[in-house]
Amino acid sequence: EEAKMVNIRRATVEDLLEMQACNLECLPENYQMKYYFYHILSWPQLLYVAEDSNKKIVGYVLAKMEEEAQESHGHITSLAVLRSHRKLGLATRLMRAAENDMVECFDSEYVSLHVRKSNRAAVHLYSETLGFKVHDIEKKYYADDEDAYDMRKDLKTHPRKRKNKGEAALVEQLEEQVSQLEKMTVKVTADAEAAAAAAEEDEGTGKEGGVDQYAESKDGGDGSKKAKKKKK
């Protein structure tokens, strides 16, 4: 019930201070406000917040696009949910919202992120729930020299991917055509069967009529000949 009362929506500039406060409370990796502004001005589609029934920001995802790379791909800069609202699936909902827009708006090939090797809960979420895989290990990535997992998730088969949407539309079109052909086949078969039955009925009637007429004509002819013979 509590999870349903939390709304996932796109962030606005007015949310940035609360997002920063959430980040400070949850994570050791903190950012100056200009970094939040950089994200929302560059990729406004990729920032989402979790807002409770009191309009308080209880979680967020901060994401961006690496558009100058060989393959255009998204990157999760930061993800956090307040301790009071964990175990509600909010992190998953936030991540999926950002992933959807990476694909929908930027046709992203994959999404990447970094996570501390010691953060087992986060590693489990990314690998088991969200489908990320460890791509590499970044040595001493964090300020305290802890290593990070460089994790990636392939988005090429994402249902909102442009080429997949095109393929889905083509499949739907072909299925519609097959359905129409099946209907036409059924109708043609029914019409052919009806025509065959009618022809058979007509043929049967023609045969009987022909025999009767021939018999009458033959009788009539014989009868008239016999009648003439009697007159003589």
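Here are some exercises with worked solutions on the structure above, which is a predicted model.

**Exercise 1. Work out how the helices and strands follow one another along the chain.**

Start with the tally: there are 5 helices and 7 strands. Now walk from the N terminus, and the elements run β-α-α-β-β-β-α-β-α-β-β-α. Next, check how far apart in sequence the touching residues are. Taking contacts between residues at least 6 apart in sequence, 62% join residues at least 24 apart. To finish, look at burial: of the 232 residues, 34% count as buried. The accessible surface comes to about 15300 Å², and carbon and sulfur atoms account for 52% of that.

**Exercise 2. Find the residues that touch the most other members of the largest nonpolar core, and say which elements feed that core.**

Begin with the general idea: in soluble globular proteins, nonpolar side chains tend to be buried together. Here the largest nonpolar core has 48 residues, and Met19, Ile76, Leu79, Met95 and Tyr126 touch the most other members. Then trace the suppliers. Helices H1 (16-26), H2 (33-42), H3 (90-106) and H4 (120-129) each give at least two residues, and so do strands E2 (47-51), E3 (57-66), E4 (73-81) and E5 (110-116). H3 gives the most, with 9 residues.

Now zoom in on Met19. Leaving out residues up to four places away in sequence, Met19 touches Ala11, Tyr36, Leu47, Val49, Tyr60, Val61 and Leu62.

**Exercise 3. Track down a nonpolar patch on the surface and decide whether Leu41 is buried or exposed.**

Val13, Phe37 and Leu41 together make a nonpolar surface patch of about 290 Å². Leu41 sits in helix H2. Its relative accessible area is 66%, and the cut-off for exposed is over 50%, so Leu41 is exposed.

**Exercise 4. Explain what is unusual about phi at Lys140 and Asp145.**

First, the background: most residues other than glycine have a negative phi. Lys140 is not a glycine, yet it has a positive phi of about 50°. Asp145 isn't a glycine either, and its phi is positive too, at about 75°.

Next, place them. Lys140 is in the loop between strand E6 (133-138) and strand E7 (148-154), and Asp145 lies in the loop between E6 and E7. Last, check accessibility: Lys140 counts as exposed at 58%, while Asp145 is partly exposed at 46%.

**Exercise 5. Go through the salt bridges and pick out pairs that link distant parts of the chain.**

Side chains of opposite charge can pair when their charged atoms come close. The count for this model is 15 salt bridges.

*Step 1.* Asp101 and Arg10 meet at 2.9 Å, N to O. Asp101 is in helix H3 and Arg10 is in strand E1 (residues 7-10), 91 residues apart, so the pair links distant parts of the chain. Asp101 counts as buried at 7% relative accessibility, whereas Arg10 is partly exposed at 37%.

*Step 2.* Arg116 pairs with Glu146, with the closest N and O atoms 2.7 Å apart. This pair also links distant parts of the chain: strand E5 holds Arg116, the loop between E6 and E7 holds Glu146, and they are 30 residues apart. Both Arg116 and Glu146 are buried.

*Step 3.* For another pair, take Glu66 and Lys64, which meet at 3.7 Å, N to O. Glu66 is partly exposed at 29%, but Lys64 is buried at 14%.

*Step 4.* Finally, look for a network: salt bridges link Arg9, Asp15, Glu51 and Lys55.

Notes: Residues numbered from 1 in each chain as written. Predicted model: local features only at pLDDT ≥ 70, side-chain atom pairs only at ≥ 80, totals over all residues. Heavy atoms only, no water. Core = buried A, V, L, I, M, F, W, Y, C linked by side-chain atoms within 4.5 Å. Buried < 20%, exposed > 50% of the residue type's maximum accessible area, 1.4 Å probe, protein only. Helix = DSSP H or I, 4+ residues; strand = E, 2+ residues; numbered from the N terminus. Contact = heavy atoms within 4.5 Å. Patch = residues over 30% accessible without salt bridge, like charges linked within 9 Å, V, L, I, M, F, W, Y side chains within 5 Å. Areas by Shrake-Rupley, 256 points an atom, 1.4 Å probe, with all protein chains shown as cover. Salt bridge = Lys/Arg side-chain N within 4 Å of Asp/Glu carboxyl O.
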